[in-house]
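Notebook open, structure loaded. I'm jotting down what I look up, in the order I get to it.

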Amino acid sequence: TAILAAARRNNSSPESMDPAARSKYDAIVALMTSATPGRKFVIVGDSAGSDPEIFGAVARTHKKRIYCIVLRETEDGELDSRRRSRAFKGADPAKLRCFRKPRELRRLT
């Protein structure tokens, strides 16, 4: 969609997100900040929508609270190297784990 394309071009800082993406970002951050201090999180989503851009923004703004980000790469939401580098620019790349088929989750640990 046009909104998703615009979010991808803008590197998806929280300020530039569309309302739905910003709402999801805010919900994740609220959950993280209300949890026990020092607790780390695994964030799970897929590449079809704006999850990569949202999760990249969370990873940049709350680096110490992220254990890892797991993304299922869908056929209609390709996470090519260009999109991945834009979405996770400034985040720790070692924390991102991607898979296409559930059996691939075994190698992500």
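**Entry 1: a backbone oxygen and an arginine.** I started at G49, whose backbone oxygen sits 2.7 Å from a polar atom of the R83 side chain. Note to self: this is a predicted model. I looked up where R83 belongs, and it is in helix α4. Is R83 buried or exposed? I get 3% relative accessibility, so with the cut-off for buried at under 20%, R83 counts as buried.

**Entry 2: the other partner of R83.** Next I checked the charged end of that side chain for acids. R83 and E53 meet through their side chains in a salt bridge, 2.8 Å from N to O. This one links distant parts of the chain, since R83 is in helix α4 and E53 in helix α3, 30 residues apart. I also looked at burial for the pair: both R83 and E53 are buried.

**Entry 3: helix α3.** E53 made me look at the rest of its helix. How many of the eleven residues of α3 are buried? I find ten, so the helix is largely enclosed by the rest of the structure. The buried ones include D51, P52, I54, F55 and G56. A57, V58, A59 and R60 are also among them.

**Entry 4: D51.** An acid in that list deserved its own lookup. D51 is placed in α3 and has a relative accessible area of 9%, so it falls in the buried class. What does the D51 side chain have a polar contact with? It is the side chain of K24, at 2.4 Å. Leaving out residues up to four places away in sequence, D51 touches K24, G45, D46, G56 and L71.

**Entry 5: strand β1.** G45 and D46 sent me to the strand at residues 41-46, β1. Its side chains alternate. F41, I43 and G45 point to one face and are buried, while V42, V44 and D46 point to the other and are not. I then looked for its pairing: β1 and β2 run parallel, joined by six bridges. I43 has I69 as its bridge partner in β2. To get from β1 to β2 the chain goes through helix α3 (residues 51-61), and I noted this β-α-β crossover as right-handed.

**Entry 6: the next strand over.** I carried on from β2 (residues 66-72), which is joined by four bridges to β3 (residues 96-99), and these two also run parallel. I69 turns up again here, standing opposite L96 in β3. Helix α4 (residues 81-87) is what the chain passes through between β2 and β3, and this β-α-β crossover is right-handed as well.

**Entry 7: cysteines.** How many disulfides does a search of the whole structure find? Zero. I checked two cysteines for burial anyway. C68 has a relative accessible area of 6%, so I log it as buried. C98 is at 10% relative accessibility and also counts as buried.

**Entry 8: back to the salt bridges.** Having seen R83 with E53, I ran the count, and the structure holds six salt bridges. One of them joins the side chains of D46 and R72, 3.8 Å from N to O. Why does that pair tie together separate parts of the sequence? Because D46 lies in strand β1 and R72 in strand β2, 26 residues apart in sequence. I put D46 down as partly exposed, with a relative accessible area of 23%. R72 is partly exposed too, at 35%.

**Entry 9: E73 and R100.** Another salt bridge brings the side chains of E73 and R100 together at 3.7 Å, N to O. E73 lies in the loop between β2 and α4, and R100 in the segment after β3, so this pair ties together parts that are 27 residues apart in sequence. Which of the two is buried and which partly exposed? At 12% relative accessibility E73 counts as buried, whereas R100 is partly exposed at 47%. I followed the shared partners as well: salt bridges join E73, R84 and R100 into one network.

Notes. Residues are numbered from 1 along each chain as its sequence is written. This is a predicted model: local features need pLDDT of at least 70, side-chain atom pairs count only at pLDDT 80 or more; totals for chains, interfaces and linings use all residues. Side-chain values use heavy atoms; hydrogens and water are left out. Two strands pair if DSSP finds at least two bridges between them. A crossover is right-handed if, with the strands pointing away from the viewer, the path from the first strand over the helix to the second runs clockwise. Buried means under 20% relative accessible area, exposed over 50%, partly exposed in between (1.4 Å probe, protein chains only). A disulfide is a pair of cysteine sulfur atoms within 2.5 Å. A polar contact is a pair of N or O atoms within 3.5 Å; within protein, one must be able to donate a hydrogen and the other to accept it, and residues adjacent in sequence count only if both atoms are side-chain atoms. Contact means heavy atoms within 4.5 Å. A salt bridge is a side-chain nitrogen of Lys or Arg within 4 Å of a carboxyl oxygen of Asp or Glu.
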